[in-house]
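Okay, everybody settled? Let me put the model up and we'll walk through a few spots together.

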Amino acid sequence: MNVNPITRLDYPDPDVIRVEDTYYMVSTTMHFMPGCEILQSFDLVHWEHVTYVYETLDHTDAQQLKSGQNIYGQGMWAASLRYHEGRFYICFVANDTRKTYLYTSEKIDGPWKKQLIEGFYHDASLLFDEDGRNYIVYGNDEIWITELNEDLTAPKKDGLHRLLVSDHKNPELGYEGSHIQKINGYYYIFLVHSLRDRWMRTEACFYSDSLEGEFTGGDVLCDDRGYCGQGVAQGGIVDTPDGKWYAMLFQDSGAVGRIPILLPVTWKDHFPVFGQNGHVPEEIEVHSTRPGYIYQPLVGSDDFRNGLLPRWQFNHDPDPRYYHLDALQGTYTITTREVCTELTQAVNTLTQRMSYPSCAAEVTVDASALKEGDVAGLCALQGCYAAVGITKHHGKYEVLMLDKKEDGILDMTEGTVVESHQMDFRLEADFCNMKDEARCYYRVNKGDWLPIGTVHKLYFKLDHFTGCRFGLFCYAAEETGGSACFRDFKYYDVDEIKKLRYFY
């Protein structure tokens, strides 16, 4: 069946393992909190949330959005997920703290114990060998292996430390995204890099029968699935209970983010063969270990009557003093903590991933407690953001659209002055074939939806390094202490939009 792209959401740098009949996947969550999300599946196609490994990481000023600081585009990257002798291991670096973290737990849903590994290991991958020795593989351009001590806190004294493979001076992207696995007595390292003559994400594999021996191999997949020249790569492989093998990689998909891609893997002379004739097949046969299982959605609507659902993440560390969930009233309220000049510095912005190929969201905002200059509403959160909201200006309520351009210029489109302090806002996004456009709407007293501003161009850029998200925000431009109350958040994916028949 046609399964790709998996999740249709931004889950980059996937690492997938199987424990008995259950597959677990971890991916990069960067600056979002809680972080290091783990998903589970019984067929490698449908996925649901299991847990976050941490609520907050180190609680630094930048992670808390204090004094104009932030960690956009940093935070945790490319985690390694392993299960060894009855214990789960998660290893990753955070690019703002320049530390390597190791979390361990006897259960996938925690509690997780935190420790550090001495050193900084880019795109690290853990290996627990059968002889009891432990290793970490990592690097960019040059891929290294370092033996770790028994308690995984530092390199082992006089342990193995060597260069495995190199893609030196690749003008686009050298080898990185390491995934090391031992399969049937051979060591395999799966890597991503780019073609040297143009940007094209490509998957490579090298293998050896010894960690001291020569690793040989090369590219195993160079294919864009016919989608905008964007290659599919970076990830590892996983087996099924009946002995089949699959690779879970990802594909750059424009502003919506980097989306997982599944493809079959076969073997020839101990070397993996990805896909069919060098391509990701359009149809892939998969089988569920629990047929009929019903998965909980990864994104969706919320009436805020059941606590904070796991589909939500804060843009950075939340500050519990300045937000409040009221299950009885079904509301989420943000109170401003600091004066901000940018929406991206607003504390307690609540986010959900946007979905490919198109999606829309609506929310009702009660602005009665705003202070002069405050802005609250619904945004498409990224460096070049779009937002539709309400502000208080000279004691009157005004609707506005914020339009942050790729060049950094912020345009503001003001709507009419409105008599009501309660508004509905709607934001629509079209990511099909990397069109990457957003449109904003508002309505008063449940009347007709009225467009505001211009069509906004969305971009995937390295400043945030994540896919665009819906965000509920409130920030102060002049004085702190004002607040906005959100209720009835509605999420529409492409199928629901078609049913509504009023998309665009």
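Quick bit of vocabulary before the first pair: I call it a salt bridge when a side-chain nitrogen of Lys or Arg sits within 4 Å of a carboxyl oxygen of Asp or Glu. And keep in mind that this is a predicted model.

So, with that cut-off, Asp 197 and Arg 198 make a salt bridge, because their closest N and O atoms are 3.5 Å apart. Asp 197 is exposed, at 63% relative accessibility, while Arg 198 comes out partly exposed at 42%.

Now a pair with another setting. Asp 252 and Arg 201 meet through their side chains in a salt bridge, 2.9 Å from N to O. Asp 252 belongs to strand S18 and Arg 201 to strand S15, residues 201-208, so this pair ties together parts that lie 51 residues apart in sequence. Are those two buried or exposed? Both Asp 252 and Arg 201 are buried.

There's also a network: Asp 319, Arg 321, Arg 337 and Glu 338 are joined by salt bridges that share partners. Over the whole structure, the search turns up 28 salt bridges.

One more of those: Lys 182 with Glu 130, closest N and O atoms 3.3 Å apart. Here, too, distant parts of the chain get linked, with Lys 182 in strand S13 and Glu 130 in the loop between strands S9 and S10, 52 residues apart. Lys 182 is partly exposed at 28% relative accessible area, and Glu 130 is exposed at 71%.

Back to Asp 252 for a second, since it shows up among the contacts of Gly 257. Where's that glycine? Gly 257 is in the loop between strand S18, 245-252, and strand S19, 258-268. It's a loop residue, but Gly 257 is buried, with just 1% relative accessible area. Leaving out residues up to four places away in sequence, Gly 257 touches Asp 10, Gln 251, Asp 252, Phe 460 and Gly 467.

Last stop, a sheet. Seven strands make an open sheet, in the order S22-S23-S34-S25-S30-S31-S32, with antiparallel pairing. Strands S22, 323-326, and S32, 450-457, are the edges; each has a single partner strand, so one side of each has no neighbour in the sheet. From one strand to the next, the twist averages 25°. If you zoom in on S23, residues 331-335, you'll see it pair antiparallel with S34, residues 483-493, over four bridges. Thr 335 is opposite Ser 483 in S34.

That's my tour, over to you.

How values were computed. Residues numbered from 1 in each chain as written. Predicted model: local features only at pLDDT ≥ 70, side-chain atom pairs only at ≥ 80, totals over all residues. Heavy atoms only, no water. Helix = DSSP H or I, 4+ residues; strand = E, 2+ residues; numbered from the N terminus. Buried < 20%, exposed > 50% of the residue type's maximum accessible area, 1.4 Å probe, protein only. Contact = heavy atoms within 4.5 Å. Pairing = 2+ DSSP bridges. Axes fitted to C-alpha atoms, helices over the stretch in contact; angles between N-to-C directions.
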